[in-house]
Amino acid sequence: MEPLWAGLVLLVILFILLCSGLWVAFSLLGVGVAGLALFTQAPVGQAMATTIWGSSNSWALAALPMFIWMGEILFRTRLSEDMFRGLSPWLTRLPGRLLHVNILGCAIFAAVSGSSAATAATIGRMTIPELHKRGYHPLMSIGTLAGSGTLGLLIPPSIILIVYGVATDQSIARLFIAGVFPGLMLVVLFMGYVILWSLLHPEGVPGEKEKPSWRERLVALKFLAPVTLLIMAIIGSIYAGLASPTEAAALGVVFSLILSWLSGSLNRESFLAALMGAVRTSAMIAFILAGAAFLTVAMGFTGIPRELAAWIGGMHLSPYALIAALTVFFIVMGMFLDGISVVVLTTSVIIPMVEQAGLDLIWFGIYIVLVVEMAQITPPVGFNLFVLQGLTGRDILTIARAALPFFLLLCIGVVLIVLFPEIATWLPSRMGAH
Amino acid sequence: AATWDMPTPYGDKTFHTVNIRQFAKDVEQATGGKLKINVHSAGSLIKHPEIKNAVRRGLVPIGEVLMSRLSNEDPVFAVDSIPFLATNYDEARKLWEASRPVIEKKLKQQGLMLLFAVPWPPQGIYAKKEIRSLDDMKGLKMRAYNAATETLAKLAGAVPTQVEVPDIPTAFSTGRVDAMITSPSTGANSKAWDFVKYFHHTQAWLPKNMVIVNAKAFAKLPADVQKAVKDAAKKAEVRGWEMSKKETADKIAILKKNGMVIVTPTPELMAGLKKIGEQMTADWAKKAGADGEAILKAYRGQ
Amino acid sequence: MLRKGLDWLYAASGAASAVFLILICGIVSIQIGLRALDNLIYLISGTRYGLMIPSAAEISGFFLAAASFLALAYTLRHGGHIRVNLIIRNLKGPARRMTEIFSLAVAFLLTAFFAWNVLWMVVDSWQFHEVSYGIVPVPLWIPQSSMLIGLVILAIALLDDLIVVMRGGDPSYRRHEEAEAAQASEEALAEEIEREV
Ligand code: NA
Ligand code: NA
């Protein structure tokens with residue numbers, strides 16, 4: 001099989017470049033160049049300029065730096081400290097305590113942000129330092145964040161569901177609705193795991209103040225007011241018809257600045273520090289996205305992903321076997337390409353197989369999101385891992401290790417929606433016609 | 001044997017894509033595999049805004065693009081998007097015959113060659129409430145995505161509103177937009193009944209997708225292959241127009257089946273809209289200069 | 001003198017990028033504000049004016065490209081671009097220097113190649129009067145130039161560091177990377193993992 005060999009050659013090149021310490025974005029660009037030059041007749045330089053320009057001037061991506069900036073501003077206020085102070089008396093009985101803030105914070109923020117990188121970056125900027133300070137196990141605080149950041153894709157709005165809906169002519173509204181229950185299912189799975197882990201590793205979760213009284217709990221609530229107001233204002237602006245989800249990100253920055261000003265932490269220095277922090281993080285992610293976009297196009301020209309998918313189609317598998325084979329395929333491809341690219345490159349080949357197997361396309365969209373979420377946290381190319389490396393300075397493999405349990409939980413999520421497809425299809429089926 | 005990568009903007013279920021895949025198959029068969037065209041649908045290889053330039057610069061030899069996307073470059077490309085100039089398939093065909101030489105000339109200046117063009121079904125107004133006359137459009141927030149749709153909305157007394165395609169369902173359900181103008185195809189494919197109730201079959205215009213090739217890449221093909229491509233293109237154009245006609249009826253039926261109200265526009269509304277159309281035709285002719293005059297003359301002379 | 005000029009260039013490009021982030025936030029916020037104002041006027045007077053910034057989304061997209069590319073060199077100097085440093089961190093002396101030179105050389109060549117091709121894209125867009133599709137026809141060579149400028153500055157920054165390392169010095173980003181690594185205290189974490197498993 002020729003595409004398989006081509007793929008292996010490119011993998012080896014990718015590994016050499018990454019291991020030599022070449023920056024991730026350059027490694028992706030380098031593999032793209034190699035792929036086009038070795039296996040296609042396409043003009044390499046032109047492909048690079050045209051496709052990277054096309055993917056970099058995107059309105060949909062404009063939300064990303066805004067959310068990152070918002071996280072940087074909030075990080076410099078007392079907001080995250082207050083948030084934890086407000087929540088901790090409520091979570092003393094729950095094993096894992098404040099680790100759940102990562103999961104729930106991401107789940108709530110996912111209702112605003114359509115991308116998992118933005119979700120992980122914004123929430124992580126606030127929670128990671130705070131959890132670290134309080135002595136939570138670093139691997140767990142990183143892992144929960146890497147895992148729950150992926151909720152950004154499943155809980156509507158979602159960039160990947162839009163891409164899938166447009167490519168397959170499915171209703172985006174229905175896909176969004178279909179993501180709600182699976183999103184909650186993941187929240188339950190993640191929280192369940194944190195509870196279990198904490199019972200087994202009590203030393204990983206620092207003790208909070210013993211048994212707070214109801215009075216103390218109620219008093220603590222006032223610390224939650226700012227963050228609640230902030231989230232409600234952003235979500236409210238969308239539902240009031242004032243802002244699109246992408247636009248709401250910019251409102252997030254404005255509200256955060258106001259909050260920071262009200263709390264007295266806004267000054268020239270903190271403003272500039274937040275802004276330049278956002279500049280660096282967004283440039284880092286944007287450059288990797290550019291590299292990934294170029295690699296995607298190179299893969300499109302080589303035809304490797306398409307032919308591998310077609311090879312699966314040629315096996316004429318039963319529905320369950322097909323899903324199993326596709327899951328392995330997506331996990332493997334998702335290690336090296338960004339998940340959305342895999343979907344874009346292979347829908348033309350995969351959707352006919354899926355239809356022939358009699359699978360519902362709305363359901364399949366949710367399945368796709370789950371496997372794309374896995375791709376976000378598998379090394380070497382996983383955007384949540386990059387975001388967390390940027391946030392914590394820890395090595396990507398360490399972070400991937402922290403995220404591994406959540407990768408497995410996503411696998412369980414896939415099994416669950418395969419066994420109980422209604423988790424995804426029940427809500428949209430209730431939508432019906434007007 | 002040569003292999004051509006062909007980026008197209010729309011999904012596999014869109015009839016344009018189905019037609020193009022058939023075209024690719026025809027070419028491969030007619031040339032005995034000497035030319036194979038790999039269709040990359042839904043912007044999976046090159047995204048819509050970059051397709052024309054990618055073909056012009058030779059990054060890919062062939063591609064599909066919505067003709068009126070180029071209207072900011074040259075008003076001539078907007079000829080099939082002038083409201084109420086050509087409002088059914090026969091008129092659209094006449095207009096296409098009248099404009100084709102000019103379009104081909106303009107593309108040639110960029111080193112591009114036109115293979116074939118296929119119209120979308122006629123554009124209608126999707127709205128949350130029924131529109132019976134221009135008065136009902138007053139203050140309606142109507143989606144505008146380019147200069148022409150902005151002018152149209154303004155002239156109709158509506159408020160032009162910018163909404164990006166993926167954001168349309170959310171924009172309707174949160175009230176940022178009340179109406180949009182597009183084809184029954186796009187409406188049915190995006191399940192418009194999820195967020196809007198009325199479809200007014202105004203048949204405002206029939207915009208076309210065109211398939212273009214890089215002239216240099218085409219010249220490199222052997223003569224028999226060139227002929228096979230041209231023949232297949234001719235067949236694809238005829239087939240595409242038929243598919244489009246059928247699509248109109250089919251997709252309106254789907255809209256209806258899913259509970260949308262299909263409104264035959266009142267004479268009052270049509271009179272108002274046609275008047276706007278006349279003004280926009282005159283404006284366009286002024287902008288498009290001699291080429292525009294020639295097209296209109298040829299169109300009306302037939 | 002040259003050193004000062006170069007450092008100024010990197011800082012200036014970072015500042016320009018920041019300005020574009022502010023512009024995105026500004027343009028979108030004004031758009032939302034205008035929409036809110038429009039609704040308010042409608043509630044009071046019953047007429048809608050459709051206040052909006054034409055092509056706001058398209059222009060924000062262009063600003064995003066400018067913000068991303070102009071920040072590349074600045075981000076490099078601050079150790080902001082990430083890499084897998086598990087292996088190189090454990091290299092010492094000449095071995096470390098050789099891998100660093102390899103990375104910088106490859107990155108420089110890729111950037112130079114990239115910038116060269118973007119240059120031709122900009123020239124081509126200019127020659128063919130390419131414009132954007134939305135309500136306001138923006139000549140594409142203008143936003144595309146921001147990408148070109150960013151890449152040229154990145155190429156300069158990479159060459160700068162390459163020369164420094166070849167002369168036996170430390171690259172600009174080393175300090176930041178090490179500061180972060182120290183903060184993360186990888187060894188301590190490794191021990192924790194050992195305990196865990
Ligand atoms: Na989301
Ligand atoms: Na991955």
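Here is a short walk through two helix packings and one sodium site in this predicted model.

Let's begin inside chain A. Helix 2 of chain A, spanning residues 24–39, meets helix 3 of chain A, and their axes cross at roughly 135 degrees and come within 9 Å. The two helices are therefore oblique to each other, and their crossing is right-handed. On the helix 2 side, the touching residues are L29(A), V33(A), L36(A) and A37(A), while helix 3 brings V44(A), A47(A), M48(A) and I52(A). By class, this contact has 8 nonpolar residues, with no polar and no charged ones.

Now follow helix 3 of chain A (residues 44–56) across to another chain. Here helix 3 packs against helix 4 of chain C (residues 93–127) at an angle of about 75 degrees, with the axes 8 Å apart. This pair is therefore roughly perpendicular. Helix 3 of chain A takes part through residues including V44(A), M48(A), I52(A) and W53(A), and among their partners on helix 4 of chain C are F113(C), F114(C) and M121(C). The contact has 10 nonpolar and 4 polar residues, and no charged ones.

Finally, look for the sodium ion, ligand 2. Oxygen atoms hold it at 2.3 to 2.6 Å: the O atoms of G334(A), A375(A), T378(A) and V381(A), plus OG1 of T378(A). Along the sequence, these donor residues follow the spacing G-x40-A-x2-T-x2-V. G334(A) sits in helix 18 of chain A, whereas T378(A) lies in the loop between helix 20 and helix 21 of chain A, 44 residues apart. With a relative accessible area of 1%, G334(A) is buried, and T378(A) is buried too, at 7%.

Terms used
Residues numbered from 1 in each chain as written. Chains lettered and ligands numbered in written order. Predicted model: local features only at pLDDT ≥ 70, side-chain atom pairs only at ≥ 80, totals over all residues. Heavy atoms only, no water. Axes fitted to C-alpha atoms, helices over the stretch in contact; angles between N-to-C directions. Helix = DSSP H or I, 4+ residues; strand = E, 2+ residues; numbered from the N terminus. Parallel < 35°, antiparallel > 145°, perpendicular 65-115°, else oblique. Contact = heavy atoms within 4.5 Å. Nonpolar A, V, L, I, M, F, W, Y, C, P; charged D, E, K, R; others polar. Left-handed = near helix turned anticlockwise from the far one by under 90°. Donors = N, O, S within 2.8 Å, 3.2 Å for Na, K, Ca; no water. Buried < 20%, exposed > 50% of the residue type's maximum accessible area, 1.4 Å probe, protein only.
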